[in-house]
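Work through the exercises below with the sequence and the coordinates open beside you, and try each task before reading its solution.

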Amino acid sequence: MDDIQGDNIVLTVFLRHDQSQTLDQFQTKLDDRGWWENFPPRGVEVLSWNVVMGIGQIVTLKLPPAKLQAVNVALEKYAWGVFSTEAYVSYDFMNVRERLARESKTRNSGAVEPVSGDTAINSGAGGGNHPRQPHNGLFLQQWQAGTGEAGIYEMALGDALEKIFGRGVHDLLGVADSLNEMGIKTPQGEDWTVENYPEIMEGLGR
């Protein structure tokens, strides 16, 4: 992928302590084996090295893939017998994450704003007392939030609008065209247009 830069990989190594040995015991073994001089091998960069209570040590390394074998051999030669090891290969995701966030923002630029909290909004329209999303700004304030009883036509229209919004259609022209494609006429039996949609929806919400 273009936004994954460089040829290096990241390797996270868990060095789990053998709790049958005391600190002095395994430190002596590490000294005798030359652990601190030989791990990590040359050409491998240490990004972080942390002690995690109850686990041991977690080391994050940055290296070219060709050095992966050298790291593995170093662990086998200098760590085994003191640590049990686990290793996880990864790569830098920051640039990818930023790109995906930008793309998501673009896709959702016309979407309904999320409702704060866990309380659902009940409109009483388009099928009865089931939760609905808040209005999307398309002259639906009274329709979506009204408290009056919905008739058969209003319920059918409300259900159709929910399907349309669920497909990600939020612009006025797209909503009108979608209603026409679904065979939902205006209360007067006409096709929906950009011009008549706001007026009709306002009237239905009264």
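**Exercise 1: the strands around β3**

Strand β2 (residues 45-52) is joined to β3 by seven bridges, and the two run antiparallel; strands here are DSSP runs of type E with at least two residues, helices are runs of H or I with at least four, and both are numbered from the N terminus. The model is predicted, so local features need pLDDT of at least 70 and side-chain atom pairs count only at pLDDT 80 or more, while totals for chains, interfaces and linings use all residues. Residues are numbered from 1 along each chain as its sequence is written, and side-chain values use heavy atoms, with hydrogens and water left out.

Task: state which residue of β3 is the bridge partner of V46, and which is the bridge partner of L11.

Solution. Begin with β2, where V46 has L61 of β3 as its bridge partner. Then turn to strand β1 (residues 9-17), which is joined to β3 by eight bridges, again antiparallel; there L11 has L61 as its bridge partner. Finally, inspect the connection of β2 and β3, a hairpin with three residues between the strands, in whose turn G54 has a positive phi of about 85°.

**Exercise 2: the order of the sheet**

Task: determine in what order the four strands form the open sheet, and which strands stand at its edges.

Solution. The order is β2-β3-β1-β4, with antiparallel pairing, where two strands count as paired if DSSP finds at least two bridges between them. Strands β2 and β4 stand at the edges with a single partner strand each, so one side of each is left without a neighbour in the sheet. From one strand to the next the twist averages 15°. As a further step, consider β1 and β4, which pair over eight bridges in the antiparallel sense, with A87 of β4 as the bridge partner of V13. Helix α3 (residues 68-78) packs on the sheet and touches β1, β3 and β4 (contact means heavy atoms within 4.5 Å), and its direction makes about 5° with that of β1; axes are lines fitted to C-alpha atoms, for helices over the stretch in contact, and angles run from 0 to 180 degrees between N-to-C directions.

**Exercise 3: burial**

Task: explain why β3 counts as largely enclosed, and decide how F93 is classed by accessibility.

Solution. Seven of the eight residues of β3 (residues 56-63) are buried, so the strand is largely enclosed by the rest of the structure; buried means under 20% relative accessible area, exposed over 50%, and partly exposed in between, with a 1.4 Å probe and protein chains only. F93, located in the loop between β4 (83-90) and α4 (94-107), has 41% relative accessibility and therefore counts as partly exposed.
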